[in-house]
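Reader: I am new to this structure and would like to know what stands behind the words used for it. Please show it first.

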Amino acid sequence: MSSTLMPTRRTQIVREPDRGVYDRDAINRILDEAFLCHVGFVVDDHPFVIPTSYGRDGETLYIHGSAASRMLRNLTRGVPVCVTVTLLDGLVLARSVFNHSMNYRSVVILGIATLVDDPEEKLRALQVLTEHIIPQRWDNSRQPNDKELKATSVLRIPIVEYSAKVRTGPPIDDEPDYSFPTWAGIIPLATQVGSPIRDERCQQELPEYLRNYSRKSR
């Protein structure tokens with residue numbers, strides 16, 4: 001069943017509060033459709049924002065990377081993080097430049113990332129990350145070996161403190177501008193899946209799960 005979380009002081013949408021979304025199912029749909037997140041954190045008074053892939057397993061978000069990376073080295077110490085995910089759905093062209101906008105769906109998650117050190121959970125998390133991008137790919141690929149697992153760090157972030165912001169619909173102009181003689185409306189944007197390109201050393205036929213691949217919320 002869907003649940004709606006009361007926003008915290010940090011996640012309450014202040015500007016355009018009518019666009020705020022706190023329903024958990026709506027949050028999950030955005031997370032499950034997008035590919036990339038941006039992880040923000042501070043180290044030695046310097047802010048960093050790193051783009052990375054992610055995967056969701058219930059109420060947990062997993063991210064991973066090289067154990068030697070600055071992000072993974074510092075987040076394992078329990079540095080607070082801000083994770084953002086954005087889907088861009090359209091360009092909104094108004095009569096005035098001031099009222100131009102975008103249609104979008106975005107999620108912000110606040111929390112503290114912790115290192116996944118249990119081998120079974122770590123392997124499960126890597127499966128979640130893989131399946132998030134290409135469902136069924138995990139069972140059709142070579143599993144990571146001990147050397148690869150040692151070189152990879154996985155972090156878990158609880159999806160507990162969060163909010164979404166969503167804009168839909170046409171441009172909103174000031175009333176006097178509706179008579180201004182220019183085109184106004186929406187230019188839709190979407191992620192498009194092209195035809196698969198076979199690696200020159202691949203001898204396998206294209207499997208069904210890739211032939212029918214699409215990027216939609218699941």
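Author: The answers below go through burial, cores, salt bridges and the surface.

Reader: What kind of model is this, and how are its residues numbered?

Author: This is a predicted model, in which local features need pLDDT of at least 70, side-chain atom pairs count only at pLDDT 80 or more, and totals for chains, interfaces and linings use all residues. Residues are numbered from 1 along each chain as its sequence is written, and side-chain values use heavy atoms, with hydrogens and water left out.

Reader: Why is Asp32 called buried?

Author: Buried means under 20% relative accessible area, exposed means over 50%, and partly exposed lies in between (1.4 Å probe, protein chains only). Asp32 has a relative accessible area of 10%, so Asp32 is buried.

Reader: What makes Asp32 and Arg56 a salt bridge?

Author: A salt bridge is a side-chain nitrogen of Lys or Arg within 4 Å of a carboxyl oxygen of Asp or Glu. The closest N and O atoms of Asp32 and Arg56 are 2.8 Å apart, and the pair forms a salt bridge. Asp32 lies in helix α1 and Arg56 in strand β3 (residues 46-57), so the salt bridge ties together parts 24 residues apart in sequence. Helices (H or I, at least four residues) and strands (E, at least two) are DSSP runs, numbered from the N terminus. Arg56 counts as partly exposed because its relative accessibility is 22%.

Reader: How many salt bridges are there by this rule?

Author: The count comes to nine. One of the pairs is Arg124 with Asp57, with the closest N and O atoms 3.7 Å apart. This pair links distant parts of the chain, Arg124 in helix α3 (residues 119-133) and Asp57 in strand β3, 67 residues apart. At 38% for Arg124 and 30% for Asp57, both residues are partly exposed. Glu121 and Arg156 meet in a salt bridge too, at 2.7 Å from N to O. Glu121 lies in helix α3 and Arg156 in strand β8, so parts 35 residues apart in sequence are tied together. Glu33, Asp89 and Arg105 are linked in a network of salt bridges.

Reader: What makes a group of residues a nonpolar core?

Author: A nonpolar core is a set of buried Ala, Val, Leu, Ile, Met, Phe, Trp, Tyr and Cys residues joined through side-chain atoms within 4.5 Å. The largest one here has 27 residues, of which Val39, Ile63, Leu75 and Ile109 touch the most other members. Elements giving two or more residues to this core include α1 (24-33), β2 (36-43), β4 (60-66) and α2 (70-75). Apart from this core lies another, of nine residues, among them Ala125, Val128, Trp138 and Leu149.

Reader: Which residues does Val39 touch?

Author: Contact means heavy atoms within 4.5 Å. Not counting residues up to four places away in sequence, Val39 touches ten named here in full: Phe48, Val49, Ile50, Thr52, Ile63, Met71, Leu75, Val81, Cys82 and Val83.

Reader: Why does Leu88 count as partly exposed?

Author: Leu88 has 37% relative accessibility, so it falls between the two limits and counts as partly exposed. Leu88 lies in strand β5. Together with Met102, Trp183, Ile187 and Leu189, Leu88 forms a nonpolar patch on the surface, with about 460 Å² of accessible area together. Such a patch is made of residues with over 30% relative accessible area and no salt bridge, where nonpolar side chains (Val, Leu, Ile, Met, Phe, Trp, Tyr) are joined within 5 Å and like charges within 9 Å. The areas come from the Shrake-Rupley method with a 1.4 Å probe, and for residues only the protein chains shown count as cover.
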